[in-house]
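User: I am in my first year and would like a close look at a single part of this structure, the strands that pair with one another, followed by whatever else helps me to place that part. Please take me through it slowly and in connected sentences.

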Amino acid sequence: MSSGRVLIIGGGPAGIEAARGLADLGVPVTIVESRDRLGGMPIAAHYATLTPSLEDAEQAMARMLAPLLGNPAVELRLGAAVSGFAGAAGDFELSVARNGSQESVRAGAIIVATGFQHFDPGRETQMYGYYEFDDVITLPESEKMLKEHSFVRPSDGRLPERVAFIQCVGSRDRQIGNEFCSKVCCGVASKQAIEIRQQLPEAKVFIFYIDMRMYGYWENRIYWPAQEQYKVNYIRGIVAEVLKKGDRLVIRGEDTTLGRPMEIAVDVVVLSVGMEPSQGTREMARLLGLRQNKYGYIETEGVPLATVLTSVEGVFAAGACTGPADLEDSVSMGGAAALKAAALVRKKALAAGATG
Ligand SMILES: Cc1cc2nc3c(=O)[nH]c(=O)nc-3n(C[C@H](O)[C@H](O)[C@H](O)COP(=O)(O)OP(=O)(O)OC[C@H]3O[C@@H](n4cnc5c(N)ncnc54)[C@H](O)[C@@H]3O)c2cc1C
Ligand code: SF4
């Protein structure tokens with residue numbers, strides 16, 4: 001027996017795109033999402049606008065979701081988790097737990113799109129003072145304030161005069177074992193710097209970086225406007241520590257362009273935290289028996305010429321559960337996974353028909 005259904009675990013941008021593709025092909029889909037809402041990190045972490053389009057994140061995600069809502073080909077299981085797995089490609093049987101009850105779902109193929117979580121900047125070191133000083137925040141916390149048009153000093157609610165971003169927090173760091181670049185934080189920090197200058201034209205904004213990594217059109221759509229139009233100050237340097245002096249924060253380190261020590265007083269420090277595999281990604285990889293790399297991301301087989309195959313036949317992976325990925329990567333992988341999964345369930349159905 002084979003099943004023509006595809007089960008998607010994770011309803012973020014990658015999972016949503018996979019579901020849209022499958023529904024368009026007439027393949028029935030079940031989406032299992034652990035949160036009570038679809039949309040993934042752009043919704044859960046309150047993104048203000050998307051890089052590089054600067055489109056409102058809620059509106060963009062609502063547009064992406066519209067074809068799924070009320071679609072008879074799509075079953076939604078929100079606030080749910082996959083708790084059991086058996087069978088083989090073409091005929092998997094999964095247990096889905098929700099509201100204290102268990103449901104069994106048969107599917108010919110599975111797409112894992114369980115995404116990432118933000119690096120916890122207090123986990124390994126306190127050198128940037130995240131858990132010590134209220135005015136040291138993370139990129140997602142800054143994004144939320146920008147969305148609400150209330151970018152303030154969290155300690156006293158005053159408007160900041162000087163804001164600094166510190167790049168590569170939790171990424172490109174051999175000491176903590178995250179040697180990879182998280183790919184999006186240079187662009188997202190630069191986008192936020194533009195928004196701070198738009199919302200608070202009097203504020204000075206600094207970005208401390210090792211080197212700026214902008215991909216493709218992010219360079220001309222975000223980086224150059226940030227410098228030239230919005231006068232964001234990019235400082236190539238290594239930040240050694242963040243201290244408190246009076247009611248301000250002081251960033252201490254070395255300006256590596258000028259080759260001399262630097263000390264800059266600011267009101268708010270934004271840590272550009274990188275990506276790590278989400279807890280759900282680690283759990284699903286274990287449950288489904290998928291090979292993971294040393295960081296815990298799901299290993300995709302055949303990269304760079306194949307992007308969504310995993311070590312288990314019939315199980316595909318898409319988006320930031322496979323490694324640092326921006327929205328374009330994640331959505332493209334979701335589409336590729338949909339095509340592979342549709343082809344697999346059709347082939348298995350044909351083979352079952354031929355032998356049956
Ligand atoms: C601060 C920050 C800002 C960013 N801003 C941008 C931007 O402006 N532009 C851009 O291109 N990229 C941006 N990114 C990257 C972007 O967020 C990701 O590319 C994108 O969210 C990845 O989509 P995804 O669907 O793979 O994963 P996610 O968005 O993480 O979605 C995964 C979904 O799976 C669900 N899930 C997890 N585990 C389970 C489980 N076991 N069972 C069921 N469901 C589960 C989660 O609840 C979630 O809904 C940003 C990243 C960061 C760190
Ligand atoms: S995108 Fe930029 S800030 Fe993020 S890890 Fe890469 S170099 Fe560092």
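Analyst: What follows begins with one sheet and its strands, and then turns to other strand pairs, a cavity and some aromatic rings.

The model is a predicted one, and every value below was computed from it. As general background, the strands of a sheet pair through backbone hydrogen bonds, either parallel or antiparallel. The sheet to look at is an open one of three strands, in the order β4-β5-β6, and its pairing is antiparallel. Strands β4 and β6, the latter covering 101-107, stand at the edges with a single partner strand each, so one side of each has no neighbour in the sheet. On average, and with direction ignored, neighbouring strands of this sheet are turned by 20 degrees against each other.

Within this sheet, strand β4 (residues 80-88) is joined to strand β5 (residues 91-98) by eight bridges. If you follow this pair in the structure, you will find valine 82 opposite valine 96, which belongs to β5. The two strands form a hairpin with two residues between them, and there glycine 90 takes a positive phi near 100 degrees. On the side of β6, the antiparallel pairing of β5 and β6 extends over seven bridges, and here serine 95 has serine 104 of β6 as its bridge partner.

Another set of strands can be read in the same careful way. Strand β12 (residues 233-245) pairs with strand β13 (residues 248-255) in the antiparallel sense, over eight bridges, and valine 242 has its bridge partner in β13, namely isoleucine 251. The hairpin of β12 and β13 has two residues between the strands, and glycine 246 takes a positive phi near 65 degrees in it. Strand β13 also pairs with strand β14 (residues 260-266), again antiparallel, over seven bridges, with methionine 262 in β14 as the bridge partner of glycine 253. In the hairpin of β13 and β14 there are four residues between the strands, and glycine 259 in the turn has a positive phi of about 65 degrees.

Elsewhere in the model there is one cavity of 30 Å³ or more, and the space in this largest cavity is about 70 Å³. Among the residues that line the largest cavity are Gln167, Cys168, Cys185, Cys186 and Arg213. Two or more lining residues come from each of β10 (162-169) and α5 (185-199). By character, the lining divides into five nonpolar, three polar and three charged residues.

The aromatic rings offer a further point of reference, since a search of the whole structure finds seven aromatic pairs. In one of them, the rings of tyrosine 130 and tyrosine 131 have centres 4.8 Å apart and planes at 70 degrees, so the pair is edge-to-face. Tyrosine 130 is buried, with a relative accessible area of 16%, whereas tyrosine 131, at 54% relative accessibility, counts as exposed. Phenylalanine 180 and tyrosine 297 also form an edge-to-face pair, with 5.8 Å from centre to centre and 75 degrees between the planes. This pair links distant parts of the chain, 117 residues apart, with phenylalanine 180 in the loop between β10 and α5 and tyrosine 297 in the loop between α7 (279-288) and β17 (315-317). Both phenylalanine 180 and tyrosine 297 are buried. Finally, Tyr209, Tyr223, Trp224 and Tyr234 form one aromatic cluster.

Terms used
Residues numbered from 1 in each chain as written. Chains lettered and ligands numbered in written order. Predicted model: local features only at pLDDT ≥ 70, side-chain atom pairs only at ≥ 80, totals over all residues. Heavy atoms only, no water. Pairing = 2+ DSSP bridges. Axes fitted to C-alpha atoms, helices over the stretch in contact; angles between N-to-C directions. 1 Å grid on protein atoms, 1.4 Å probe; cavity = no way out; pocket = protein on both sides within 12 Å on 5 of 7 lines; lining within 4 Å. Points joined across faces, edges and corners; volume = space filled by probe spheres on them. Nonpolar A, V, L, I, M, F, W, Y, C, P; charged D, E, K, R; others polar. Phe/Tyr/Trp six-rings, centres within 6.5 Å; stacked < 30°, edge-to-face > 60°. Buried < 20%, exposed > 50% of the residue type's maximum accessible area, 1.4 Å probe, protein only.
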